[in-house]
There are 2 protein chains.
Amino acid sequence: MSAEYPSKQEQRRLQMSDIARLAGVSVSTVSRALSGSRLVNDETRQRITELARSLNYSINLGAQNLRLQKNNTVAVVVPFDAQSRQHISDPFFLSIVGAIADELTDRGIDMLLSRVDAERLDLAAQIIDSGKATGLLVIGQWRHHDQLNDMAARKLPVVVWGAQMPQQLYCNVGGDNRLGGDLATRHLLDAGRRHIAFLGDAELPEVMMRRAGYWDALERAGQPRTPGLELKAPFDVSSGRAAMERFFAEHRAIDGVVACSDLLALQAIQVLRSLDREVPADVAVCGYDDMPLAAYCDPPLTSVHQPVAQAGAQLVEQLMALLNGQTALPVTLPVHLVVRQSAP
Amino acid sequence: MSAEYPSKQEQRRLQMSDIARLAGVSVSTVSRALSGSRLVNDETRQRITELARSLNYSINLGAQNLRLQKNNTVAVVVPFDAQSRQHISDPFFLSIVGAIADELTDRGIDMLLSRVDAERLDLAAQIIDSGKATGLLVIGQWRHHDQLNDMAARKLPVVVWGAQMPQQLYCNVGGDNRLGGDLATRHLLDAGRRHIAFLGDAELPEVMMRRAGYWDALERAGQPRTPGLELKAPFDVSSGRAAMERFFAEHRAIDGVVACSDLLALQAIQVLRSLDREVPADVAVCGYDDMPLAAYCDPPLTSVHQPVAQAGAQLVEQLMALLNGQTALPVTLPVHLVVRQSAP
DNA sequence: TTGAAAGCGCTAACAC
DNA sequence: GTGTTAGCGCTTTCAA
């Protein structure tokens with residue numbers, strides 16, 4: 001029933017010298033045998049390999065790495081808001097983490113996952129300085145483009161999921177945010193909407209770019225920008241509910257919404273309904289990310305699709321380039337609008 | 001398999017001897033200073049600490065761990081179906097991973113995330129044998145209760161998210177699956193449904209227990225079990241679509257569905273609608289997991305809620321107990337039914 | 001209070 | 001082919 005373990009001391013871990021003794025050879029021979037060196041007699045190698053397997057012996061990678069001066073681990077860092085103690089929960093970030101995990105596993109690279117205070121992204125450098133990992137993948141720039149630049153200036157192998165910024169020293173991979181914002185807005189305009197709100201915190205580079213796209217589309221359509229229709233809403237839904245209620249209550253003219261995440265879109269829909277405004281009849285709502293469940297929402301979400309699997313693959317790809325001493329250029333991934341019923 | 005990172009242009013990594021030289025002291029003194037030993041002169045320690053920080057020096061943890069014979073890393077293993085090459089994507093598993101990440105980070109423990117072939121859970125032992133991590137968290141038993149038992153028999157510190165089984169040697173943490181299945185079924189019965197289907201692969205322990213709960217509820221209500229109404233559907237939605245279409249086409253009498261994941265419930269709703277059956281009017285559908293987005297689905301999902309954050313905390317808690325040489329008993333977490341519109 | 005030296009588990013010259 | 005030996009970067013006796 002219950003698992004029982006011997007008190008306190010784990011039995012001493014098997015090591016190479018044990019295998020050597022049991023096989024009646026020297027440690028070097030074991031080392032060579034297990035690394036598949038051809039300098040060791042076939043029969044001996046066979047015997048040693050077999051013995052090691054039967055005893056569940058595995059080379060101690062700590063020692064091996066120390067000796068070989070290498071390290072097969074990449075750290076993935078998910079910034080979090082220390083103030084709200086917001087946890088890792090946004091389905092989009094989680095799915096990017098999943099995609100990265102897939103890609104790293106396929107390449108046989110170990111993945112260290114950790115959170116870091118979004119105000120102190122620079123602390124992530126410690127993971128590399130201490131040799132825990134050789135490279136760093138940071139999910140989102142948040143407000144600290146500068147800290148990321150500092151890390152890059154130190155030549156740390158870092159690749160960031162996020163928007164490309166002017167004066168950027170680090171390599172980033174990100175969706176085409178400006179296009180995404182544009183696509184969503186244009187779609188609403190094409191549907192005849194004229195009072196289009198923008199939900200997102202433009203202090204975050206990605207959101208800033210999406211807002212630029214939103215402006216692009218408005219301008220192209222000869223519509224004025226209305227700062228009052230821009231709500232600084234956090235990606236993650238937790239806090240901003242009250243503010244959003246006030247926002248929509250005060251701006252009854254709104255007939256379209258560009259939200260910077262699907263979560264935000266869903267929250268907006270909820271709030272609008274509580275104000276007796278129908279979606280999409282009264283207000284059409286576009287989300288962002290096109291998370292896997294977007295199609296199953298009520299109503300199914302029109303959303304800007306971000307290619308998550310590609311994102312994971314590219315983040316890893318660029319990091320590998322850096323680690324091989326090559327230069328890694330920023331990558332912009334294509335986005336497209338998926339039209340569903342929240343904004344037909 | 002192993003990627004090599006030739007540190008081409010990378011400057012040699014700073015090490016303790018460098019700091020020692022720069023500070024005009026011996027390595028031992030630096031070591032002591034950085035570990036906060038009181039055996040070193042206050043002023044010297046101050047100077048060394050300062051120097052180290054200004055140079056971004058961090059102790060090489062690989063070397064430290066080797067010397068100290070310790071390791072502060074826990075591995076989290078997400079089984080995947082190698083045949084369908086199913087990736088890490090189920091939102092429920094992803095959110096458990098998130099919860100574990102939160103808990104481990106709070107405790108200052110490093111987290112290694114990896115996938116493993118669901119048919120070879122035993123391969124995960126290698127992560128411990130090789131010293132990459134000291135403990136293992138496995139997300140789901142899948143079909144290999146036996147392999148997990150073998151690992152426990154080897155005294156490996158392993159805790160599993162899943163159902164408690166008879167003859168179980170390892171520690172598990174899981175929701176009360178039997179109760180969950182019962183609650184969902186009872187709810188449908190109470191609503192007057194009489195032909196209740198069960199969707200899930202009962203070869204998986206968790207599903208088996210939920211089915212037992214489903215049977216419990218039927219029996220209590222004096223309803224017969226109808227094997228034909230049980231569909232062996234995989235947790236993850238990818239493959240089983242065609243089978244599900246056939247299933248619902250053949251069983252027009254079905255007026256209630258107990259699904260073993262929210263994803264499965266959503267797929268069922270889709271299929272039912274394609275067959276012109278309305279949810280919940282014609283068929284009421286209960287999901288399982290109550291993922292964060294369940295409330296936003298179309299229709300909002302009635303679902304058995306699993307406490308994800310608690311799950312993460314308990315998994316870690318039990319693993320820590322094992323690592324401290326204590327016995328870790330299985331933990332069953334409470335579940336409850338959240339009623340929404342898919343099964344009012 | 002500090003330094004010299006041994007050794008954590010492994011690999012790779014360099015012998016033989 | 002195989003063994004001997006010298007470290008990888010660190011901590012910790014043991015001496016001074």
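**Exercise 1. Is Leu14(A) buried, partly exposed or exposed, and why?**

The model is predicted, so local features require a pLDDT of at least 70 and side-chain atom pairs a pLDDT of 80 or more, whereas totals for chains, interfaces and linings use all residues. Residues are numbered from 1 along each chain as its sequence is written, chains are lettered from A and ligands numbered from 1 in the order in which they are written, and side-chain values use heavy atoms, with hydrogens and water left out.

*Solution.* Step one is the classification: buried means under 20% relative accessible area, exposed over 50%, and partly exposed in between, with a 1.4 Å probe and protein chains only. Leu14(A) counts as partly exposed because its relative accessibility is 31%. Step two is the location, which is the segment before α1 (16-23) of chain A; helices (H or I, at least four residues) and strands (E, at least two) are DSSP runs numbered from the N terminus. Step three is the surroundings: together with Leu22(A) and Leu55(A), Leu14(A) makes up a nonpolar surface patch with about 230 Å² of accessible area.

**Exercise 2. Find the cis peptide bonds described for Asp298(A) and Val279(B), and place each proline.**

*Solution.* In chain A, the bond between Asp298(A) and Pro299(A) is cis, with omega about -10°, and Pro299(A) belongs to the loop between β9 (284-289) and β10 (302-305). In chain B, Val279(B) is joined to Pro280(B) by a cis bond whose omega is near 5°, and Pro280(B) sits in the loop between α11 (262-274) and β9 (284-289).

**Exercise 3. Describe the setting of the positive phi values of Asp289(A) and Trp142(B).**

*Solution.* Asp289(A), which is not a glycine, has a phi of about 110°; this residue is part of strand β9 of chain A and counts as buried because its relative accessibility is 6%. Trp142(B), likewise a residue other than glycine, has a phi near 55° and lies in the loop between β3 (135-139) and α7 (145-153) of chain B.

**Exercise 4. Which residues are closest to DNA strand C, and which contacts do they accompany?**

*Solution.* A residue is near a strand if one of its heavy atoms lies within 4 Å of it. DNA strand C is surrounded by 24 residues, of which the closest are Met16(A), Tyr57(A), Arg67(A), Thr29(B) and Arg32(B). Of the strand C atoms within 4 Å of the protein, 66% belong to sugar or phosphate, and the rest to bases. Turning to contacts between N or O atoms, an N or O atom in the side chain of Ser31(A) is 2.7 Å from a phosphate oxygen of strand C, while a polar backbone atom of Ala63(A) is 3.4 Å from a base nitrogen of that strand. α4(A) gives the most to the surface near strand C, with 4 residues.

**Exercise 5. Carry out the analysis for DNA strand D.**

*Solution.* Strand D is surrounded by 24 residues, the closest being Ser28(A), Thr29(A), Arg67(A), Tyr57(B) and Arg67(B). Sugar and phosphate account for 59% of the strand D atoms that come within 4 Å of the protein. A phosphate oxygen of strand D is 2.4 Å from an N or O atom in the side chain of Tyr57(B), and another entry places a polar side-chain atom of Thr44(A) 3.3 Å from a phosphate oxygen of the strand. The largest share of the surface near strand D, 4 residues, comes from α4(B).

Methods: Patch = residues over 30% accessible without salt bridge, like charges linked within 9 Å, V, L, I, M, F, W, Y side chains within 5 Å. Areas by Shrake-Rupley, 256 points an atom, 1.4 Å probe, with all protein chains shown as cover. Salt bridge = Lys/Arg side-chain N within 4 Å of Asp/Glu carboxyl O. Polar contact = N/O pair within 3.5 Å; in protein donor to acceptor, adjacent residues only side chain to side chain.
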